[in-house]
Amino acid sequence: LEEALLVPVALAEPTADEALWPWQAAMVAITACWGANFAVTSWSMQALGGASTDGELLVAARFVVGAVALLPFLASATSAAAVGAGVQVGLLCSLGYASQAAALSLGTQPGTAAFICSLQSVVVALMAARSGAGVARATWLAVALSVAGVACLELPSALSGGGAAFCVGDLIALGQPVGFGLSYVVLEEAMADHPDDELPIAALQCVVIAVAA
């Protein structure tokens with residue numbers, strides 16, 4: 001009888017995969033917003049006139065909004081080390097966003113910028129390999145497929161203009177994968193060391209990017 005009563009309870013408990021689906025759906029939504037970011041930034045730069053100072057102000061304005069929203073959580077940081085980690089992540093992200101805005105203002109196509117930015121997955125994998133943790137073949141395959149997928153989606157329109165489609169902004173855009181990729185590595189280490197400081201670290205990230213811009 002006891003076993004019979006326990007069976008419905010066991011069946012009612014969600015599995016690990018079922019418990020994750022809301023977060024997986026949230027990641028899909030975040031990815032969609034991230035992808036739209038390149039086109040929106042490009043349109044914004046064109047509307048503002050395309051000057052490099054306009055790009056800096058655009059990045060600053062975006063992250064001032066985020067910093068103000070998350071500012072109350074700064075006081076809940078548990079240690080100076082957590083604050084330092086948040087500053088490091090913010091500085092690395094600043095490099096990525098500054099490179100993105102500068103590249104788009106110099107004429108880089110949004111599709112080209114998106115493709116170059118997708119190389120951040122390669123940077124993360126290389127950093128994991130260098131740390132001695134190693135990278136599984138499945139991970140390298142996933143990286144190759146993701147970069148190839150972005151290339152298939154974004155590069156044809158960018159390459160349709162021939163050699164004229166390339167500009168100095170494309171070189172500057174290489175700062176995106178370096179900055180964003182390294183920020184993920186530092187963020188992963190920070191969250192492992194300070195698991196209760198996710199909101200203070202996010203707040204510091206936005207504050208540092210806004211100030212650096």
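From the N terminus on, the elements of the protein chain follow the order α-α-α-α-α-α-α-α-α-α, giving ten helices and zero strands (DSSP runs numbered from the N terminus, with H or I over at least four residues for helices and E over at least two for strands). The model is predicted, with local features requiring pLDDT of at least 70 and side-chain atom pairs counted only at pLDDT 80 or more, whereas totals for chains, interfaces and linings use all residues. Residues are numbered from 1 along each chain as its sequence is written, and side-chain values use heavy atoms, with hydrogens and water left out.

Of the 213 residues in the protein chain, 33% are buried (under 20% relative accessible area, 1.4 Å probe, protein chains only). The accessible surface of the chain amounts to about 12,200 Å² (Shrake-Rupley method, 1.4 Å probe), and carbon and sulfur atoms account for 71% of this surface. Among contacts (heavy atoms within 4.5 Å) between residues at least 6 apart in sequence, 85% link residues at least 24 apart.

The largest pocket (an open set of points on a 1 Å grid where a 1.4 Å probe fits, with protein on both sides within 12 Å along at least five of seven lines) has a volume of about 740 Å³, taken as the space filled by probe spheres set on the points. Its lining (residues with an atom within 4 Å of a point) comprises 20 residues, of which M27, I30, W34, Y97 and Y184 lie nearest the pocket centre. Two or more lining residues are contributed by each of α2 (16-48), α3 (52-70), α4 (80-105), α9 (175-193) and α10 (198-212). The largest share, eight residues, comes from α2. By class, the lining holds 14 nonpolar residues (Ala, Val, Leu, Ile, Met, Phe, Trp, Tyr, Cys and Pro), one charged residue (Asp, Glu, Lys and Arg) and five polar residues (the others, Gly among them).

Note on methods
Buried means under 20% relative accessible area, exposed over 50%, partly exposed in between (1.4 Å probe, protein chains only).
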